[in-house]
Amino acid sequence: MPHWKFICRYNTEKECFIRKMFGDYKHRNISKGDTLYLHKLPKSLIGPFVAKSDPLQNPVQQAWSEQVNANLKCQVKIDWTSTVYRISLGDVPTANLPIMPEDDTNFQKFTNSEGNRVRNALQNHGTVVVSPP
């Protein structure tokens with residue numbers, strides 16, 4: 001199953017959790033059931049999440065409109081079916097993590113192997129953000 005990394009900043013992270021949705025500027029080939037991660041710039045990684053929808057074209061038009069200059073028209077509904085963790089990328093050995101440089105244009109698809117390394121780093125080095133009911 002594919003693994004994907006979305007980007008957020010301090011002013012968009014809360015809305016991702018409240019709406020249970022991630023957004024991007026371009027349409028991506030994400031499928032319902034894919035594993036998702038959230039890279040909070042500059043140095044936090046949060047996940048894993050599960051895509052609860054295929055990408056939707058702007059279903060919530062006002063989403064993130066107050067926080068970002070452009071409308072994030074590609075929107076994916078998300079949920080968590082397992083514990084969600086957060087790691088600071090400065091606190092763990094990241095040499096084996098396939099995280100692209102700190103740039104908010106770096107939406108990223110991971111191979112299964114890369115995605116599993118990211119998941120393992122979160123589980124082994126992260127702090128719990130939320131647990132499923």
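**R28**

I began with R28 in this predicted model. R28 has 18% relative accessibility, and since buried means under 20%, R28 counts as buried. I placed R28 in the loop between β2 (21-24) and β3 (35-40). I then asked what R28 is in contact with, leaving aside its neighbours within four places in sequence. The list I got is P55, C74 and F107.

**The chain as a whole**

I went through the secondary structure next and found 2 helices and 9 strands in the protein chain. I noted the order along the sequence as β-α-β-β-β-β-β-β-β-α-β. Of the 133 residues, 44% are buried. I also looked up the contacts with a separation of 6 or more: residues 24 or more positions apart account for 72% of them. For the surface I have about 7100 Å² exposed by the protein chain, with carbon and sulfur atoms supplying 47% of it.

**Strand β1**

I wanted to know how many of the residues of β1 are buried. The tally is 6 of its 6 residues, so I entered β1 as mostly covered. I recalled that side chains in a regular strand alternate between the two faces of the sheet. I therefore sorted β1 by side: H3, K5 and I7 are on one, W4, F6 and C8 are on the other, and all are buried. Both faces of β1 are covered.

I then checked the partners of β1. With β3, β1 pairs in the parallel sense over 6 bridges. With β8, β1 pairs in the antiparallel sense over 3 bridges. K5 served as my reference residue for both pairings: K5 stands opposite Y37 in β3, and the bridge partner of K5 in β8 is Q108.

**Helix α2**

I took α2 as residues 112-125, which is 14 residues. From its first C-alpha to its last, α2 reaches 20 Å, close to the 20 Å expected at 1.5 Å a residue. Which residues of α2 are buried? I listed G115, V118, A121 and L122. Seen down the axis of α2, the buried residues fall within an arc of 120 degrees, so they line one face of the helix. As a reminder to myself, an α-helix has 3.6 residues a turn, so residues three or four places apart point the same way.

I followed that face to what it meets. The buried residues of α2 pack against β1 (3-8), β3, β4 (44-51), β7 (84-88) and β8 (108-110). So β1, already entered above as mostly covered, is among the strands that the buried residues of α2 pack against.

**Aromatic pairs**

I counted aromatic pairs and the count came to 6. I looked into F6 and F22: their ring centres are 5.2 Å apart and their planes are at 55 degrees, so I recorded the pair as tilted. The pair links distant parts of the chain, with F6 in strand β1, F22 in strand β2, and their positions 16 residues apart in sequence. Are these two buried or exposed? F6 has 1% relative accessibility and counts as buried, and F22 is buried with a relative accessible area of 1%.

I looked at F17 and F49 as well. This pair is edge-to-face, at 5.8 Å centre to centre with 70 degrees between the planes. F17 lies in helix α1 (residues 13-19) and F49 in strand β4, so the pair ties together parts that are 32 residues apart in sequence. The burial of the two residues had to be entered separately: F17 is partly exposed, with a relative accessible area of 23%, whereas F49, at 1% relative accessibility, counts as buried.

I closed this part by tracing the ring pairs, which link F6, F17, F22, F49 and W80 into a cluster.

**V130**

My last entry is V130, in strand β9 (residues 127-130). V130 has 23% relative accessibility and therefore counts as partly exposed. Which residues is V130 in contact with, leaving aside its neighbours within four places in sequence? I wrote down W80, S82, T83 and V84. W80 also belongs to the ring cluster noted above. For S82 I checked the spacing: V130 and S82 are 48 residues apart in sequence and 8.7 Å apart in space, C-alpha to C-alpha.

Technical notes. Residues are numbered from 1 along each chain as its sequence is written. This is a predicted model: local features need pLDDT of at least 70, side-chain atom pairs count only at pLDDT 80 or more; totals for chains, interfaces and linings use all residues. Side-chain values use heavy atoms; hydrogens and water are left out. Helices (H or I, at least four residues) and strands (E, at least two) are DSSP runs, numbered from the N terminus. Buried means under 20% relative accessible area, exposed over 50%, partly exposed in between (1.4 Å probe, protein chains only). Contact means heavy atoms within 4.5 Å. Accessible areas come from the Shrake-Rupley method with a 1.4 Å probe; for residues, only the protein chains shown count as cover. The expected span of a helix is 1.5 Å times one less than its number of residues. The arc is that of the directions from the helix axis to the C-beta atoms. Two strands pair if DSSP finds at least two bridges between them. Rings of Phe, Tyr and Trp (its six-membered ring) pair if their centres lie within 6.5 Å; planes under 30 degrees apart count as stacked, over 60 as edge-to-face and the rest as tilted.
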